[in-house]
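Please look over the sequence and the structure below before reading the notes that come after them. The briefing is meant for a reader who has not met this structure before.

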Amino acid sequence: MASFTAKHKETVDEPKLVVFVVYRDIVLLDLVGPLQVFSHAIDQKTNAHGYSCAVTSLNGGMVQTNTVVPIPSEAMSRYMNRQIHTVVIVGGDGAYSAMRDGAFLQEVTALAAGAQRVCSVCSGALILAAAGILDGRRAVTHWEDCKALATEFPSVHVEIDPIYLKDGHVWTSAGITAGMDMSLAIVAEDLGRTAALKIARSMVTNMVRSGGQSQFSPILQRQLSDATGRFDHLHHWISDNLQKTLSVETLAAQMNMSARNFSRLYSGQMGLTPAKAVEAIRAEVAQGLLETTDLSIKQIAARCGFNDEERMRRAFMRLLRVSPSDYRQSFRID
């Protein structure tokens, strides 16, 4: 399809209109997660709702999700002449059929052309790509759909790792909860970090995973390696005691094992030494502090048990290929 250009419009002191696009067999959480974020958002300047939301489909009416819960929707055509701030294409297995529906794509293209921002959650990126909106852009989707996105649409620069990406006014995100991370980041961009923090606190979620973080969570990777949960308690204890000297002997004592036996079992189960695991957990905690606090790098190094900035810098370079200061510059949400 032809290249895509949005019509940028400005609104003043009015709720920003967010239009969600659904179709049969969407993932319910791909819709309700971001919908809840935008519905919760309060403009700190006016103390009023920052967004108004609509759920649309090709013809309107009830749309079946991938659960027992159907979703009511309005026809997309009702919003063609509205001043739309953000369009969000929801993901789900139905995206593979929807991306080949000419009438549906025509409506999506027209709706997106009138919006200031266009987004997708999970496999919704396939629909954006089919509409030509991702041509020449960087994009991400759920890791299970990345191959299909790259194969079907070679003009899209597919990235496998990030939880969400912003390329100009077009945002794409990975699976399910990543749509909430993307939505929180959008709120932070539109209404300020304080507004996004309040939503995250209300929803009891992290604030805010940066888009550059991997959709392959280090915590989840540890849990996958330790399928029996044998070391779960130890990993939580490490996170709570980063300022201690976390020697093999100290860790082994937590497991009521000898240092030699613990080191052998841990390395065999987890695929890395206890020392490397401690370093990785320290770096993960430091990443969060760099993203969300004003603590100095020296303070963060001390809090995470690196003891000095240089040791933390070397760990970051090994694990992330970036220095702590560069990481903060790239991923800090102001």
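What follows is a briefing on the nonpolar cores, a surface patch, the ring pairs and the salt bridges.

This is a predicted model, in which local features need pLDDT of at least 70 and side-chain atom pairs count only at pLDDT 80 or more, while totals for chains, interfaces and linings use all residues. Residues are numbered from 1 along each chain as its sequence is written, and side-chain values use heavy atoms, with hydrogens and water left out.

**Nonpolar cores**

- The largest nonpolar core (a set of buried Ala, Val, Leu, Ile, Met, Phe, Trp, Tyr and Cys residues joined through side-chain atoms within 4.5 Å) has 69 residues, and F104, I127 and V187 are the members that touch the most others.
- Helix 6, which spans residues 177–191, gives the most to this core, with 9 residues; helices (H or I, at least four residues) and strands (E, at least two) are DSSP runs numbered from the N terminus.
- Leaving aside residues up to four places away in sequence, I127 touches Y23, I89, A95, A98, M99, F104, L105 and V108, where contact means heavy atoms within 4.5 Å.
- Another core, of 29 residues, lies apart from it and has W237, A277, L289 and A315 among its members.

**Surface patch**

- L29, V32 and I176 make a nonpolar surface patch of about 190 Å²; patches are made of residues with over 30% relative accessible area and no salt bridge, with like charges joined within 9 Å and nonpolar side chains (Val, Leu, Ile, Met, Phe, Trp, Tyr) within 5 Å.
- Accessible areas come from the Shrake-Rupley method with a 1.4 Å probe, and for residues only the protein chains shown count as cover.
- V32 is found in helix 1, residues 28–40, and counts as partly exposed at 31% relative accessibility, given that buried means under 20% relative accessible area, exposed over 50% and partly exposed in between (1.4 Å probe, protein chains only).

**Aromatic pairs**

- The structure holds 8 aromatic pairs, a pair being rings of Phe, Tyr and Trp (its six-membered ring) whose centres lie within 6.5 Å, with planes under 30 degrees apart counted as stacked, over 60 as edge-to-face and the rest as tilted.
- The rings of F262 and Y266 form a tilted pair, because their centres are 5.6 Å apart and their planes stand at 40°.
- F262 and Y266 are 4 residues apart in helix 11 (residues 259–270), so about one helical turn separates them; F262 is buried at 0% relative accessible area, and Y266 is buried at 1%.
- F20, F38 and Y51 are linked into a cluster by ring pairs.

**Salt bridges**

- The count comes to 10 salt bridges, each being a side-chain nitrogen of Lys or Arg within 4 Å of a carboxyl oxygen of Asp or Glu.
- D190 forms a salt bridge with R117, with the closest N and O atoms 2.6 Å apart; D190 lies in helix 6 and R117 in strand 8 (residues 115–120), so the pair ties together parts that are 73 residues apart in sequence.
- D190 is partly exposed at 22% relative accessibility, whereas R117 is buried at 5%.
- R314 and E310 meet in a salt bridge (3.6 Å, N to O), and both lie in helix 14 (residues 309–320), 4 residues apart, or about one turn of the helix.
- R314 is partly exposed at 41% relative accessibility, and E310 is partly exposed at 36%.
- R117, K166, E189 and D190 are joined into one network by salt bridges that share partners.
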